[in-house]
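Here's a quick look at a model, with an eye on where its ligand sits and what surrounds it. Have the structure open while you read.

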Amino acid sequence: IQRWHTSQIMLTKLYDVQNDHFNVLDNYANLETKRLEELKNYVAAVYEWRDNIKTKKQFLHDHMDVFKVMTQMLQHYFQIDDLIKNKKSLEAFKDIDEHKDLSGEHIVLLAHRALRRLQLFYAIPASDMSAACECCVMAKYCLEGNDPYGVLDWAVEAYGKWESEGRPECVDPDILNYYIVSSSVYTGFNFMNLIILSGPNYQEYTEKFERYYRLMKNELFELEKESTTDIMEVYEYSIGHGYMKDFRNLCKHGVSRTLTKYSKCRYQTNNLFYRILMPFKEEDINSEPLIKIYHDVLYDDEILKIKTLALENMKDATVKSVDGKGDSLIEKTRSGQVYWISKVDAVEYLDALDTRIESFTGFSTKTAEQYQIVNYGLGGHYLPHHDSFAKAINCLQFGNRLVTVLFYLTDVQNDGYTSFPLLNIIAPAEKGAALVWNNLHMSNGQKFYESLHGSCPLLKGNKWIMTRWLYEEGQHLPYDWKNNVQII
Ligand SMILES: O=C(O)CCC(=O)C(=O)O
Ligand SMILES: [Fe+2]
(Lines give C-alpha, C1' and ligand atoms only; values in the text may rest on other atoms or scores of the structure.)
(Ligands and ions follow the chains in the order given, each with its own letter.)
Protein backbone atom coordinates (compact mmCIF):
# COMPACT_ATOMS: atom_id res chain seq x y z
CA ILE A 1 0.00 0.00 0.00
CA GLN A 2 1.05 3.53 -0.73
CA ARG A 3 2.03 5.41 2.42
CA TRP A 4 1.68 9.02 1.47
CA HIS A 5 2.35 10.50 4.89
CA THR A 6 5.80 9.06 5.56
CA SER A 7 7.89 11.83 4.02
CA GLN A 8 7.65 15.37 2.77
CA ILE A 9 8.57 14.05 -0.66
CA MET A 10 5.56 11.75 -0.63
CA LEU A 11 3.32 14.56 0.57
CA THR A 12 4.57 16.75 -2.25
CA LYS A 13 3.88 13.91 -4.68
CA LEU A 14 0.44 13.48 -3.21
CA TYR A 15 -0.22 17.13 -3.90
CA ASP A 16 0.96 16.69 -7.48
CA VAL A 17 -1.13 13.56 -7.96
CA GLN A 18 -4.14 15.46 -6.76
CA ASN A 19 -3.39 18.16 -9.30
CA ASP A 20 -3.21 15.50 -12.00
CA HIS A 21 -6.59 14.27 -10.90
CA PHE A 22 -8.06 17.72 -11.18
CA ASN A 23 -6.71 17.90 -14.71
CA VAL A 24 -8.21 14.53 -15.57
CA LEU A 25 -11.53 15.62 -14.12
CA ASP A 26 -11.38 18.82 -16.10
CA ASN A 27 -10.67 16.89 -19.24
CA TYR A 28 -13.46 14.46 -18.44
CA ALA A 29 -15.95 17.25 -17.86
CA ASN A 30 -14.97 18.88 -21.17
CA LEU A 31 -15.35 15.63 -23.08
CA GLU A 32 -18.68 14.98 -21.46
CA THR A 33 -19.94 18.45 -22.29
CA LYS A 34 -18.83 17.94 -25.85
CA ARG A 35 -20.48 14.54 -25.98
CA LEU A 36 -23.82 15.83 -24.73
CA GLU A 37 -23.57 18.67 -27.19
CA GLU A 38 -22.99 16.18 -30.01
CA LEU A 39 -25.82 13.99 -28.79
CA LYS A 40 -28.17 16.95 -28.69
CA ASN A 41 -27.16 18.05 -32.18
CA TYR A 42 -27.49 14.55 -33.52
CA VAL A 43 -30.90 14.03 -32.05
CA ALA A 44 -32.00 17.39 -33.40
CA ALA A 45 -30.91 16.31 -36.87
CA VAL A 46 -32.76 12.99 -36.52
CA TYR A 47 -35.93 14.82 -35.46
CA GLU A 48 -35.66 17.01 -38.46
CA TRP A 49 -35.23 14.03 -40.75
CA ARG A 50 -38.19 12.24 -39.19
CA ASP A 51 -40.39 15.33 -39.51
CA ASN A 52 -39.50 15.52 -43.16
CA ILE A 53 -40.40 11.89 -43.64
CA LYS A 54 -43.69 12.40 -41.87
CA THR A 55 -44.70 15.14 -44.25
CA LYS A 56 -44.41 12.61 -47.00
CA LYS A 57 -47.67 10.98 -46.04
CA GLN A 58 -47.25 8.35 -48.63
CA PHE A 59 -43.91 7.07 -47.58
CA LEU A 60 -45.20 3.86 -46.03
CA HIS A 61 -46.41 2.75 -49.41
CA ASP A 62 -43.11 3.31 -51.04
CA HIS A 63 -41.05 0.26 -50.28
CA MET A 64 -37.81 1.95 -51.01
CA ASP A 65 -38.73 4.68 -48.56
CA VAL A 66 -39.52 2.10 -45.90
CA PHE A 67 -36.20 0.51 -46.47
CA LYS A 68 -34.55 3.89 -46.20
CA VAL A 69 -36.25 4.55 -42.88
CA MET A 70 -35.15 1.22 -41.55
CA THR A 71 -31.54 1.64 -42.52
CA GLN A 72 -31.53 5.14 -41.11
CA MET A 73 -33.00 3.94 -37.83
CA LEU A 74 -30.33 1.33 -37.49
CA GLN A 75 -27.63 3.86 -38.18
CA HIS A 76 -29.14 6.26 -35.67
CA TYR A 77 -29.28 3.52 -33.11
CA PHE A 78 -25.56 2.76 -33.38
CA GLN A 79 -24.59 6.38 -33.45
CA ILE A 80 -26.65 7.21 -30.37
CA ASP A 81 -25.48 4.10 -28.58
CA ASP A 82 -21.93 5.21 -29.24
CA LEU A 83 -22.57 8.67 -27.95
CA ILE A 84 -24.30 7.40 -24.85
CA LYS A 85 -21.65 4.85 -24.02
CA ASN A 86 -19.25 7.71 -23.78
CA LYS A 87 -16.04 5.86 -24.61
CA LYS A 88 -13.76 8.84 -24.91
CA SER A 89 -14.65 10.20 -21.50
CA LEU A 90 -14.21 6.83 -19.86
CA GLU A 91 -10.87 6.54 -21.57
CA ALA A 92 -9.88 9.85 -20.04
CA PHE A 93 -10.83 8.54 -16.63
CA LYS A 94 -8.48 5.58 -16.84
CA ASP A 95 -5.64 7.80 -15.64
CA ILE A 96 -7.38 8.13 -12.33
CA ASP A 97 -7.88 4.39 -12.08
CA GLU A 98 -4.15 4.03 -12.29
CA HIS A 99 -3.88 6.07 -9.10
CA LYS A 100 -6.34 3.93 -7.19
CA ASP A 101 -4.02 3.92 -4.19
CA LEU A 102 -5.01 7.53 -3.69
CA SER A 103 -8.56 6.65 -2.79
CA GLY A 104 -7.91 3.94 -0.22
CA GLU A 105 -9.10 4.67 3.27
CA HIS A 106 -5.75 3.60 4.65
CA ILE A 107 -4.26 6.92 3.52
CA VAL A 108 -6.33 8.76 6.06
CA LEU A 109 -6.08 6.02 8.65
CA LEU A 110 -2.28 6.14 8.61
CA ALA A 111 -2.28 9.93 8.78
CA HIS A 112 -4.70 9.65 11.69
CA ARG A 113 -2.28 7.37 13.51
CA ALA A 114 0.57 9.79 12.90
CA LEU A 115 -1.49 12.62 14.35
CA ARG A 116 -2.43 10.53 17.37
CA ARG A 117 1.24 9.75 17.96
CA LEU A 118 2.01 13.45 17.91
CA GLN A 119 -0.89 14.16 20.24
CA LEU A 120 0.18 11.55 22.73
CA PHE A 121 3.83 12.49 22.56
CA TYR A 122 3.52 16.23 22.92
CA ALA A 123 0.26 16.07 24.92
CA ILE A 124 -1.67 18.19 22.45
CA PRO A 125 -5.40 18.32 23.10
CA ALA A 126 -7.76 17.99 20.16
CA SER A 127 -8.84 21.57 20.80
CA ASP A 128 -5.39 22.75 19.71
CA MET A 129 -5.52 20.84 16.44
CA SER A 130 -9.11 20.79 15.45
CA ALA A 131 -11.29 21.47 12.47
CA ALA A 132 -14.93 20.41 12.59
CA CYS A 133 -15.20 17.63 10.03
CA GLU A 134 -11.77 16.24 10.71
CA CYS A 135 -12.66 15.90 14.40
CA CYS A 136 -15.36 13.41 13.51
CA VAL A 137 -13.00 11.45 11.31
CA MET A 138 -10.41 11.39 14.08
CA ALA A 139 -13.05 10.18 16.56
CA LYS A 140 -14.17 7.49 14.13
CA TYR A 141 -10.70 6.07 13.62
CA CYS A 142 -9.97 6.26 17.34
CA LEU A 143 -13.08 4.19 17.93
CA GLU A 144 -12.08 1.66 15.33
CA GLY A 145 -8.60 1.57 16.77
CA ASN A 146 -9.74 0.88 20.35
CA ASP A 147 -8.50 4.23 21.54
CA PRO A 148 -11.32 5.44 23.83
CA TYR A 149 -9.52 8.49 25.20
CA GLY A 150 -8.90 9.60 21.66
CA VAL A 151 -12.58 9.09 20.84
CA LEU A 152 -13.64 11.23 23.78
CA ASP A 153 -11.15 13.98 23.09
CA TRP A 154 -12.12 14.26 19.42
CA ALA A 155 -15.84 13.59 19.76
CA VAL A 156 -16.23 16.18 22.47
CA GLU A 157 -14.23 18.62 20.36
CA ALA A 158 -16.46 17.87 17.38
CA TYR A 159 -19.45 18.44 19.55
CA GLY A 160 -18.03 21.80 20.62
CA LYS A 161 -17.59 22.71 16.97
CA TRP A 162 -21.11 21.65 16.20
CA GLU A 163 -22.34 23.89 18.96
CA SER A 164 -20.23 26.93 18.19
CA GLU A 165 -20.26 26.82 14.41
CA GLY A 166 -23.85 25.87 13.88
CA ARG A 167 -24.26 22.43 12.47
CA PRO A 168 -21.88 21.68 9.70
CA GLU A 169 -23.09 18.74 7.66
CA CYS A 170 -20.14 16.66 8.71
CA VAL A 171 -21.08 16.58 12.37
CA ASP A 172 -23.79 14.15 13.29
CA PRO A 173 -24.72 14.41 16.96
CA ASP A 174 -26.25 10.94 16.91
CA ILE A 175 -22.96 9.46 15.90
CA LEU A 176 -21.02 11.62 18.35
CA ASN A 177 -23.37 10.47 21.04
CA TYR A 178 -22.68 6.88 20.15
CA TYR A 179 -18.94 7.52 20.15
CA ILE A 180 -19.02 9.21 23.51
CA VAL A 181 -21.27 6.71 25.23
CA SER A 182 -19.44 3.65 23.98
CA SER A 183 -16.02 5.04 24.78
CA SER A 184 -17.04 6.24 28.19
CA VAL A 185 -17.69 2.65 29.12
CA TYR A 186 -14.18 1.64 28.18
CA THR A 187 -12.59 4.45 30.12
CA GLY A 188 -14.55 3.46 33.20
CA PHE A 189 -16.69 6.55 33.13
CA ASN A 190 -19.95 5.84 34.90
CA PHE A 191 -22.66 7.02 32.55
CA MET A 192 -25.45 4.84 33.94
CA ASN A 193 -26.80 7.71 35.98
CA LEU A 194 -27.15 9.87 32.89
CA ILE A 195 -30.17 10.16 30.75
CA ILE A 196 -29.83 8.13 27.60
CA LEU A 197 -29.37 10.56 24.78
CA SER A 198 -31.82 10.11 21.99
CA GLY A 199 -34.41 11.91 19.95
CA PRO A 200 -34.26 14.24 17.01
CA ASN A 201 -34.45 17.45 19.02
CA TYR A 202 -31.10 19.14 18.77
CA GLN A 203 -31.92 21.69 21.44
CA GLU A 204 -32.47 18.83 23.78
CA TYR A 205 -29.19 17.37 22.62
CA THR A 206 -27.36 20.54 23.46
CA GLU A 207 -28.52 20.53 27.03
CA LYS A 208 -27.84 16.87 27.50
CA PHE A 209 -24.46 17.08 25.92
CA GLU A 210 -23.53 19.98 28.11
CA ARG A 211 -24.46 18.03 31.17
CA TYR A 212 -22.79 14.98 29.78
CA TYR A 213 -19.62 16.81 28.96
CA ARG A 214 -19.46 18.41 32.39
CA LEU A 215 -19.95 15.12 34.15
CA MET A 216 -17.52 13.43 31.87
CA LYS A 217 -14.86 15.96 32.61
CA ASN A 218 -15.29 15.35 36.30
CA GLU A 219 -15.74 11.64 36.37
CA LEU A 220 -14.06 10.36 33.31
CA PHE A 221 -10.77 9.31 34.71
CA GLU A 222 -11.68 8.23 38.19
CA LEU A 223 -10.65 4.71 37.48
CA GLU A 224 -7.34 5.82 36.09
CA LYS A 225 -6.37 8.12 38.87
CA GLU A 226 -8.37 9.60 41.71
CA SER A 227 -7.42 13.19 41.15
CA THR A 228 -7.46 13.21 37.39
CA THR A 229 -10.09 15.42 35.91
CA ASP A 230 -8.57 16.43 32.65
CA ILE A 231 -8.01 14.53 29.45
CA MET A 232 -4.62 16.19 29.21
CA GLU A 233 -3.45 14.09 32.10
CA VAL A 234 -4.11 10.99 30.07
CA TYR A 235 -1.79 12.33 27.47
CA GLU A 236 0.83 13.14 30.06
CA TYR A 237 0.36 9.71 31.55
CA SER A 238 0.57 7.78 28.30
CA ILE A 239 4.13 8.81 27.61
CA GLY A 240 5.30 6.50 30.37
CA HIS A 241 8.39 6.89 32.47
CA GLY A 242 12.11 6.65 32.26
CA TYR A 243 13.93 7.79 29.19
CA MET A 244 10.74 8.21 27.14
CA LYS A 245 9.68 10.94 29.52
CA ASP A 246 13.10 12.60 29.31
CA PHE A 247 13.07 12.26 25.55
CA ARG A 248 9.66 13.90 25.37
CA ASN A 249 10.66 16.73 27.67
CA LEU A 250 13.75 17.39 25.61
CA CYS A 251 11.72 17.48 22.41
CA LYS A 252 9.00 19.56 23.97
CA HIS A 253 10.99 22.05 25.95
CA GLY A 254 14.55 21.75 24.77
CA VAL A 255 17.28 22.46 27.30
CA SER A 256 19.06 25.57 28.27
CA ARG A 257 22.62 24.44 28.11
CA THR A 258 25.05 25.80 30.58
CA LEU A 259 28.65 26.13 29.61
CA THR A 260 30.88 23.69 31.43
CA LYS A 261 34.54 23.01 31.08
CA TYR A 262 33.58 20.58 28.35
CA SER A 263 31.55 22.96 26.28
CA LYS A 264 33.87 24.78 24.01
CA CYS A 265 33.87 25.97 20.46
CA ARG A 266 37.04 26.21 18.50
CA TYR A 267 38.55 26.40 15.06
CA GLN A 268 40.02 22.97 14.54
CA THR A 269 42.65 22.03 11.99
CA ASN A 270 43.43 18.56 13.38
CA ASN A 271 47.03 19.28 12.42
CA LEU A 272 46.17 19.18 8.75
CA PHE A 273 48.12 21.91 7.06
CA TYR A 274 45.55 22.42 4.32
CA ARG A 275 42.97 23.13 6.98
CA ILE A 276 44.88 26.11 8.30
CA LEU A 277 43.07 28.42 5.92
CA MET A 278 39.74 26.71 6.41
CA PRO A 279 39.54 25.16 9.86
CA PHE A 280 36.52 23.24 11.08
CA LYS A 281 34.12 24.94 13.44
CA GLU A 282 34.07 22.37 16.18
CA GLU A 283 31.62 22.54 19.08
CA ASP A 284 31.77 20.23 22.08
CA ILE A 285 28.42 18.88 23.18
CA ASN A 286 29.36 16.06 25.52
CA SER A 287 32.42 14.22 26.70
CA GLU A 288 31.21 10.74 27.71
CA PRO A 289 30.34 9.63 25.11
CA LEU A 290 32.00 12.19 22.96
CA ILE A 291 29.46 14.23 21.00
CA LYS A 292 30.49 17.11 18.77
CA ILE A 293 29.00 19.34 16.15
CA TYR A 294 30.99 20.42 13.12
CA HIS A 295 29.35 23.45 11.62
CA ASP A 296 29.25 24.22 7.88
CA VAL A 297 30.84 20.98 6.71
CA LEU A 298 28.26 20.20 4.05
CA TYR A 299 27.81 22.80 1.34
CA ASP A 300 24.59 23.98 -0.24
CA ASP A 301 25.44 22.63 -3.69
CA GLU A 302 26.20 19.22 -2.18
CA ILE A 303 22.96 19.26 -0.24
CA LEU A 304 21.03 20.05 -3.40
CA LYS A 305 22.71 17.22 -5.30
CA ILE A 306 22.10 14.76 -2.47
CA LYS A 307 18.44 15.64 -2.15
CA THR A 308 17.94 15.47 -5.90
CA LEU A 309 19.49 12.02 -5.99
CA ALA A 310 17.32 10.74 -3.17
CA LEU A 311 14.10 12.30 -4.40
CA GLU A 312 13.00 9.50 -6.70
CA ASN A 313 14.34 6.64 -4.66
CA MET A 314 13.07 6.94 -1.13
CA LYS A 315 11.59 3.91 0.64
CA ASP A 316 9.71 3.71 3.92
CA ALA A 317 12.11 3.48 6.85
CA THR A 318 12.22 0.18 8.67
CA VAL A 319 13.73 -0.96 11.93
CA LYS A 320 15.79 -4.06 12.55
CA SER A 321 13.68 -6.88 13.89
CA VAL A 322 14.55 -8.18 17.33
CA ASP A 323 16.51 -11.13 16.02
CA GLY A 324 18.43 -8.74 13.77
CA LYS A 325 17.67 -10.81 10.70
CA GLY A 326 14.97 -8.82 9.00
CA ASP A 327 13.60 -5.32 8.79
CA SER A 328 10.11 -4.42 9.77
CA LEU A 329 8.02 -1.38 9.24
CA ILE A 330 7.02 -0.20 12.69
CA GLU A 331 5.85 3.37 12.48
CA LYS A 332 5.40 3.60 16.23
CA THR A 333 9.17 3.34 16.49
CA ARG A 334 10.28 5.05 13.33
CA SER A 335 8.49 6.91 10.59
CA GLY A 336 10.23 8.46 7.63
CA GLN A 337 11.67 7.54 4.27
CA VAL A 338 15.23 6.55 3.53
CA TYR A 339 17.58 6.04 0.66
CA TRP A 340 20.94 4.33 0.87
CA ILE A 341 23.25 5.82 -1.70
CA SER A 342 24.71 2.88 -3.57
CA LYS A 343 27.74 2.28 -5.73
CA VAL A 344 25.65 2.46 -8.89
CA ASP A 345 24.80 6.05 -8.10
CA ALA A 346 28.45 6.83 -8.83
CA VAL A 347 28.46 10.03 -6.87
CA GLU A 348 32.09 11.06 -6.98
CA TYR A 349 31.34 14.23 -5.08
CA LEU A 350 30.90 12.08 -1.97
CA ASP A 351 34.58 11.06 -2.13
CA ALA A 352 35.43 14.61 -1.17
CA LEU A 353 32.96 14.36 1.67
CA ASP A 354 34.58 11.14 2.86
CA THR A 355 37.92 12.93 2.99
CA ARG A 356 36.26 15.72 4.93
CA ILE A 357 34.69 13.25 7.40
CA GLU A 358 38.06 11.60 7.89
CA SER A 359 39.72 14.90 8.58
CA PHE A 360 37.26 16.10 11.18
CA THR A 361 36.62 12.76 12.90
CA GLY A 362 40.08 11.30 12.59
CA PHE A 363 38.53 7.98 11.58
CA SER A 364 38.69 6.05 8.34
CA THR A 365 35.59 5.83 6.13
CA LYS A 366 36.91 2.83 4.22
CA THR A 367 34.80 0.36 6.15
CA ALA A 368 31.82 2.65 6.60
CA GLU A 369 28.28 1.85 5.53
CA GLN A 370 26.83 3.62 2.52
CA TYR A 371 25.43 7.08 3.13
CA GLN A 372 21.84 6.95 4.32
CA ILE A 373 19.51 9.82 3.48
CA VAL A 374 16.35 10.33 5.51
CA ASN A 375 13.36 12.57 4.94
CA TYR A 376 10.67 12.76 7.61
CA GLY A 377 6.96 13.29 6.96
CA LEU A 378 3.75 13.73 8.88
CA GLY A 379 4.66 13.06 12.50
CA GLY A 380 8.03 11.69 11.35
CA HIS A 381 10.23 10.50 14.19
CA TYR A 382 12.69 7.93 15.46
CA LEU A 383 12.28 6.81 19.05
CA PRO A 384 15.40 6.54 21.23
CA HIS A 385 17.66 3.71 20.12
CA HIS A 386 21.29 2.70 19.87
CA ASP A 387 22.93 2.77 16.48
CA SER A 388 25.30 -0.02 17.48
CA PHE A 389 24.24 -3.61 17.13
CA ALA A 390 24.15 -6.32 19.70
CA LYS A 391 27.54 -7.92 18.98
CA ALA A 392 26.30 -11.26 17.74
CA ILE A 393 23.88 -9.87 15.22
CA ASN A 394 25.53 -7.72 12.69
CA CYS A 395 29.18 -7.37 13.43
CA LEU A 396 30.64 -9.86 11.06
CA GLN A 397 32.61 -8.09 8.40
CA PHE A 398 33.76 -4.77 9.80
CA GLY A 399 32.80 -4.94 13.44
CA ASN A 400 30.26 -2.61 14.94
CA ARG A 401 29.06 0.93 14.30
CA LEU A 402 31.74 2.85 16.15
CA VAL A 403 30.87 6.43 15.23
CA THR A 404 27.77 8.09 13.80
CA VAL A 405 28.21 11.09 11.52
CA LEU A 406 24.83 12.72 11.02
CA PHE A 407 24.53 15.61 8.57
CA TYR A 408 21.61 18.01 8.61
CA LEU A 409 20.37 18.87 5.13
CA THR A 410 17.79 21.30 6.50
CA ASP A 411 17.47 23.53 9.51
CA VAL A 412 15.35 22.02 12.22
CA GLN A 413 13.42 23.41 15.16
CA ASN A 414 13.10 21.89 18.61
CA ASP A 415 10.60 19.36 17.36
CA GLY A 416 13.07 17.95 14.86
CA TYR A 417 16.17 17.79 16.99
CA THR A 418 18.25 14.77 17.63
CA SER A 419 17.95 14.17 21.37
CA PHE A 420 19.97 12.12 23.84
CA PRO A 421 17.55 11.41 26.71
CA LEU A 422 20.09 9.80 29.03
CA LEU A 423 22.38 12.81 28.75
CA ASN A 424 19.68 15.48 28.77
CA ILE A 425 21.08 16.80 25.51
CA ILE A 426 19.58 18.06 22.30
CA ALA A 427 21.76 18.82 19.33
CA PRO A 428 21.20 22.41 18.24
CA ALA A 429 22.48 21.67 14.76
CA GLU A 430 21.64 23.60 11.64
CA LYS A 431 21.69 22.96 7.90
CA GLY A 432 25.16 21.96 6.76
CA ALA A 433 26.32 20.81 10.20
CA ALA A 434 27.39 17.31 11.19
CA LEU A 435 26.62 15.81 14.57
CA VAL A 436 29.23 13.23 15.47
CA TRP A 437 29.14 10.81 18.37
CA ASN A 438 30.61 7.56 19.62
CA ASN A 439 28.36 4.57 19.93
CA LEU A 440 30.97 2.35 21.56
CA HIS A 441 33.47 2.84 24.35
CA MET A 442 36.70 3.69 22.58
CA SER A 443 38.68 1.70 25.12
CA ASN A 444 37.06 -1.70 24.63
CA GLY A 445 34.27 -1.57 22.04
CA GLN A 446 31.48 -2.08 24.55
CA LYS A 447 28.18 -0.42 23.75
CA PHE A 448 28.04 3.12 25.11
CA TYR A 449 24.64 2.93 26.71
CA GLU A 450 24.37 6.70 27.08
CA SER A 451 24.60 7.14 23.32
CA LEU A 452 20.87 6.37 23.25
CA HIS A 453 19.26 8.95 20.97
CA GLY A 454 16.27 9.62 18.76
CA SER A 455 14.66 12.12 16.43
CA CYS A 456 11.96 14.23 18.04
CA PRO A 457 8.59 13.81 16.32
CA LEU A 458 8.13 16.51 13.71
CA LEU A 459 5.25 18.86 14.35
CA LYS A 460 5.89 20.87 11.24
CA GLY A 461 8.45 21.52 8.57
CA ASN A 462 10.69 19.37 6.52
CA LYS A 463 13.63 17.53 8.03
CA TRP A 464 16.32 15.92 5.92
CA ILE A 465 19.38 14.22 7.31
CA MET A 466 22.18 12.07 5.95
CA THR A 467 24.08 9.55 8.01
CA ARG A 468 27.38 7.75 7.65
CA TRP A 469 28.26 5.04 10.13
CA LEU A 470 31.94 4.39 10.66
CA TYR A 471 32.95 0.87 11.68
CA GLU A 472 35.58 -0.55 14.00
CA GLU A 473 37.55 -2.31 11.28
CA GLY A 474 40.45 -0.25 9.98
CA GLN A 475 40.55 2.23 12.87
CA HIS A 476 43.35 2.72 15.35
CA LEU A 477 41.80 1.32 18.49
CA PRO A 478 43.32 0.02 21.71
CA TYR A 479 41.49 -3.31 21.26
CA ASP A 480 41.11 -5.91 18.56
CA TRP A 481 37.39 -6.15 17.84
CA LYS A 482 37.70 -9.39 15.88
CA ASN A 483 39.38 -11.39 18.58
CA ASN A 484 37.86 -9.46 21.40
CA VAL A 485 41.22 -8.74 23.03
CA GLN A 486 42.75 -5.65 24.46
CA ILE A 487 45.89 -4.42 22.71
CA ILE A 488 46.89 -1.62 24.98
O1 LIG B 1 16.95 12.04 12.65
C2 LIG B 1 17.66 12.10 13.66
O3 LIG B 1 17.83 13.16 14.24
C4 LIG B 1 18.28 10.85 14.22
C5 LIG B 1 18.37 9.75 13.23
C6 LIG B 1 18.97 8.52 13.79
O7 LIG B 1 19.18 8.39 14.94
C8 LIG B 1 19.32 7.39 12.90
O9 LIG B 1 19.02 7.45 11.70
O10 LIG B 1 19.89 6.41 13.39
FE1 LIG C 1 20.36 6.64 15.36
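How far does a polar side-chain atom of His453 lie from an oxygen atom of ligand 1? The distance is 2.9 Å. Keep in mind that this is a predicted model, so that number, like the rest here, is computed from it.

**Around the ligand**

His453 has company. Polar side-chain atoms of His385 and Lys463 also sit across from an oxygen atom of ligand 1. Here are the contacts side by side:

| Side chain | Partner | Distance |
|---|---|---|
| His385 | oxygen atom of ligand 1 | 3.1 Å |
| His453 | oxygen atom of ligand 1 | 2.9 Å |
| Lys463 | oxygen atom of ligand 1 | 2.7 Å |

How much of ligand 1 does the protein cover? Taken on its own, ligand 1 has 290 Å² of accessible area, and the protein covers 99% of that. Strand 10, strand 15 (453–455) and strand 16 (464–471) are the elements that give two or more residues to the shell. Besides the residues in the table, the shell around ligand 1 includes Arg334, Tyr376, Tyr382, Asp387, Leu406 and Thr418, along with Ser455, Ile465 and Trp469. By type, the shell residues split into five nonpolar, four polar and three charged.

**The sheet behind it**

Two of those strands turn up again in an open sheet of five strands, ordered 7-10-15-12-13 with antiparallel pairing. At its edges are strand 7 (334–335) and strand 13 (425–426), each of which pairs on one side only. Strand 10 and strand 15 pair with each other in the antiparallel sense, over two bridges. And which residue of strand 15 is the bridge partner of His385? That's His453, so the table's two histidines are also bridge partners.

**The second largest pocket**

Now for some open space. The second largest pocket holds about 710 Å³ and is lined by 29 residues. Arg113, Arg116, Arg117, Leu120 and Lys332 are the lining residues that lie nearest its centre. Helix 4 (106–122) makes the largest share of the lining, with nine residues. Other elements that each supply at least two residues are helix 5 (132–144), helix 6 (148–164), helix 9 (231–238) and strand 10 (381–385). Strand 10 therefore appears both in this lining and in the shell around ligand 1. As for residue types, the pocket lining divides into 16 nonpolar, six polar and seven charged.

How values were computed: Residues are numbered from 1 along each chain as its sequence is written. Chains are lettered from A and ligands numbered from 1 in the order in which they are written. This is a predicted model: local features need pLDDT of at least 70, side-chain atom pairs count only at pLDDT 80 or more; totals for chains, interfaces and linings use all residues. Side-chain values use heavy atoms; hydrogens and water are left out. On a 1 Å grid over the protein atoms alone, a cavity is a set of points where a 1.4 Å probe fits but cannot get out, and a pocket is an open set with protein on both sides within 12 Å along at least five of seven lines; lining residues have an atom within 4 Å of a point. Grid points are joined across faces, edges and corners, and a volume is the space filled by probe spheres set on the points. Helices (H or I, at least four residues) and strands (E, at least two) are DSSP runs, numbered from the N terminus. Ala, Val, Leu, Ile, Met, Phe, Trp, Tyr, Cys and Pro count as nonpolar, Asp, Glu, Lys and Arg as charged, and the others, Gly among them, as polar. A residue is near a molecule or strand if one of its heavy atoms lies within 4 Å of it. A polar contact is a pair of N or O atoms within 3.5 Å; within protein, one must be able to donate a hydrogen and the other to accept it, and residues adjacent in sequence count only if both atoms are side-chain atoms. Accessible areas come from the Shrake-Rupley method with a 1.4 Å probe; for residues, only the protein chains shown count as cover. Two strands pair if DSSP finds at least two bridges between them.
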